[in-house]
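Got a two-chain model open and wondering where to look? Here is a short run of questions and answers to go with it.

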Amino acid sequence: MKILVPLKRVSDPDNANKVKVTGGKLDASGLEWKPNPFDEYAVEAALRLTENGTNTKARVGEVVVVTFGPKEAETTLRAALATGADKAIRIDALDDALDGDVVARALKALVDKEKPDLVLLGKQAVDGDSNQVGQLLAEYLGWPQATFAASIKSNADKALIVSREVDGGALNLKLTLPAVVSVDLRIVAPKSVTSIHTPATHTYPDGVRFAALMAIMAAKKKPMTEVKLADLVTDAATKIKYTGFELPPSRKAGIKVKTVAELVEKLKNEAKAL
Amino acid sequence: MRYLFETEEHALLRKSIRGFADVHIAPFSAEWEEAEEFPKELYAKAGAAGVLGVSYPEQFGGGGGDITHAIAAGDEMIMRGRSVGVTVGIGSHGIALPPIIRLGTDAQRDRFVRPVLKGEKVSALAITEPSGGSDVARLKTRARRDGDHFVVTGSKTFITSGVRADFVTTAVRTGGDGHGGVSILVIEKGTPGFTVSRSLKKTGWWASDTAELSFDECRVPVGNLIGEENQGFYAVMVNFVAERVMLASQCVAISQLAYDEAVAYAKQREAFGKPIMGYQVLRHKLADMASRIAAARALVSELATRHVRGDEASGLAAMTKNVATDCCSFVCDGAVQIFGGYGYMRETLVERLYRDARLYPIGGGTREIMNEIICKTEGY
Ligand SMILES: Cc1cc2nc3c(=O)[nH]c(=O)nc-3n(C[C@H](O)[C@H](O)[C@H](O)COP(=O)(O)OP(=O)(O)OC[C@H]3O[C@@H](n4cnc5c(N)ncnc54)[C@H](O)[C@@H]3O)c2cc1C
């Protein structure tokens, strides 16, 4: 199976208090970047689908990772290559010239070229929290889609059973490939991804895998290509226009109460919540 | 804070080590320190994750990195794992393996290096003896040749991981007095006459075991001689620079951890109606701590870079170790002071770091011996 995984780098949420707004524009200088966690989960799920979990070095499929961004964004791709992805593509673009729609249209063009069996991606990026690319892409491709996957079963290479958590239980969808699937955080639980290549008895460690130094060094030799955004979309206009940014008002420090009685009194008389 | 020499590769490595420390060490660090032991299974987990082999050649199952990678990895182990004892205990191969890698035969490397990097075997280095550690050239443990064996008699003390070690890289006297009579033997657990005579109680580094070892007519096969007979002193000495970079970098990590704890505490602890961070004396104390850490980090950076480049750096290594250990003692003491009474309580991390810090001006060559080296390299 060939799987395409789009990745986005996001500013490290731990740096939230370093975000600056200058002249109504977001100032990204000095921020630290890390891969969007949901995208890392997608890479992990893709690797699990394309390997025998008991011998992860022998690949039985291909994982192609792709990101949009300037040269520095290749760091995000190399991190994915280090954990096991097979090849990487960077679509040269500026972060603030993109929205979910342009990204989905460019990915459609890339899918037409790369011909993956599956596009696996995070349900949303934790910076904008838009939650759009997967759905738009499925629509543009005319492919079946499943969003917020909590588990994926791949019994044959032609179809998937995707389980999504919904109120009151799980909804199981059968998808015929090719398809688009977006993942939620439970996809990296030890038994969330099952495939014909890995014995049913195998248990993965919880969470995403980490690369040993040897793999980090070896990743430098894996293929990394650059594609211009203009080569994928003729119309790079975004549908979303940002008119301005401002920081939320800073919050007042909380207080500590000594007794339940005091809490009730404050809720009643100060917060007027009771 | 990263070291100046770090590249994207180091950043990815840090992320991996952080992932390991967050899951496999941090949740248990306080418990293991109090128990004065960490589970032996941790070796296998660390081996499988590539944590043990970071700076060892790929041909022996290592990660192919150099000392700069080892420093970055150690930094994450301490900062995220929050147990100095575990870091130094699980890292005892950092001093036990280099003589074997440098002077051993391929067969010896296969037997001793590979299984340690996989986490299947525990290794230790034994140089220090009850009668003295600073004066390595005067060590007394005797190894007499008898056919296909060396017969070893003597004792070693303060040996990190010695209690659980499957083998001990041991400096012994095969020849006459002085440094020209020293050889290195790998002495394996279970060899008749080799016993762990004591597990020692310490000020700090609790999660790491420290042993007194005794050898009584212990017969070690000649195949366990590392390098040539009577050439062992050089092998021991040549690794001291690498050991001192590592110890100095541990001091930087411990200092940073204690400092971060102190800053967070000073912001939220109140006295006389305001956070204690509101008092300039405490802010200045923290500013001094931060400056010392920056200086120690910069020196470690310079030393590591020179070491990788192949410069002779024994004098600089001695200076770096002293600067970093002084920084660590100063910062941990300051952090305890900022924590007040809580700083003196075993439940507080900085209390433990303060105890851990005391080792560094002693282990790996004392502060005074470092100054002796500096005098020599400075030429007076
Ligand atoms: C927790 C811990 C772990 C250790 N791990 C290991 C290990 O794994 N393997 C190993 O081989 N050793 C290990 N050591 C031993 C350590 O290397 C020695 O303790 C150290 O080298 C000092 O030796 P000593 O204790 O015999 O002190 P001594 O050599 O007896 O020195 C005592 C004091 O005299 C001073 N002194 C000595 N000579 C001079 C001089 N010429 N000029 C001025 N002052 C001098 C010293 O600086 C010191 O202050 C460990 C020690 C500790 C505490």
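**Helix, core and ligand: a walk-through**

The buried residues of α13(B) are covered by elements that include α2 (29-35), α5 (84-90), α10 (240-268) and α12 (314-339) of chain B. This is a predicted model, where local features need pLDDT of at least 70, side-chain atom pairs count only at pLDDT 80 or more, and totals for chains, interfaces and linings use all residues. Residues are numbered from 1 along each chain as its sequence is written, while chains are lettered from A and ligands numbered from 1 in the order in which they are written.

Q: Which residues of helix α13 of chain B are buried?
A: A residue is buried if 20 or more other C-beta atoms lie within 10 Å of its own, exposed if 12 or fewer, and partly exposed in between, with C-beta atoms placed from the backbone. Helices (H or I, at least four residues) and strands (E, at least two) are DSSP runs, numbered from the N terminus. In α13, which spans residues 349-357 of chain B, the buried ones are Val350(B), Arg352(B), Leu353(B), Tyr354(B), Asp356(B) and Ala357(B).

Q: How many helices and strands are there in chain B, and what is its radius of gyration?
A: Chain B has 14 helices and 10 strands. The radius of gyration is taken over C-alpha atoms, and the globule rule is 2.2 Å times the number of residues to the power 0.38. For 380 residues that rule gives 21 Å, and chain B is close to it, so chain B is as compact as a globular protein of that length, with a radius of gyration of 21 Å.

Q: What share of the chain B contacts with a separation of 6 or more comes from residues 24 or more positions apart?
A: Two residues are in contact if their C-beta atoms, placed from the backbone, lie within 7 Å. Of the 380 residues of chain B, 51% count as buried. Among contacts with a separation of 6 or more, the share from residues 24 or more positions apart is 74%.

Q: Where does the ligand lie relative to domain 2 and domain 3 of chain B?
A: Domain bounds come from an automatic or database domain assignment, and chain B is divided into domain 1 (8-91), domain 2 (123-229) and domain 3 (239-378). The shell around the ligand has 23 residues (C-beta atom, placed from the backbone, within 6 Å of it), and the closest are Ile127(B), Gly133(B), Ser134(B), Thr366(B) and Glu368(B). Elements giving two or more residues to this shell are β1 (123-126), β3 (149-160) and α14 (367-378) of chain B. Both domains give residues to the shell, so the ligand lies between domain 2 and domain 3.

Q: How many nonpolar, polar and charged residues are in the shell around the ligand?
A: Here Ala, Val, Leu, Ile, Met, Phe, Trp, Tyr, Cys and Pro count as nonpolar, Asp, Glu, Lys and Arg as charged, and the others, Gly among them, as polar. By that split, the shell has 10 nonpolar, 10 polar and three charged.

Q: Which element gives the most residues to the largest nonpolar core?
A: A nonpolar core is a set of buried Ala, Val, Leu, Ile, Met, Phe, Trp, Tyr and Cys residues joined through C-beta atoms within 7 Å. The largest one has 179 residues, and Val5(A), Val65(A), Leu120(A), Val245(B), Ile254(B) and Cys332(B) touch the most other members. With 16 residues, the top giver is α10(B).

Q: Is Arg82(B), with its positive phi, buried or exposed?
A: Arg82(B) is not a glycine, yet its phi is about 55°. It sits in the loop between α4 (67-81) and α5 of chain B. Because it has 22 C-beta neighbours inside 10 Å, Arg82(B) counts as buried.

Q: What about Trp205(B): buried or exposed?
A: Trp205(B), in the loop between β6 (194-199) and β7 (210-221) of chain B, also has a positive phi, near 50°. Its 24 C-beta neighbours inside 10 Å make it buried.

Q: Which peptide bond ending at Pro178(A) is cis?
A: Pro178(A) lies in the loop between β13 (169-176) and β14 (179-183) of chain A. With omega near 5°, the cis bond is the one from Leu177(A) to Pro178(A).
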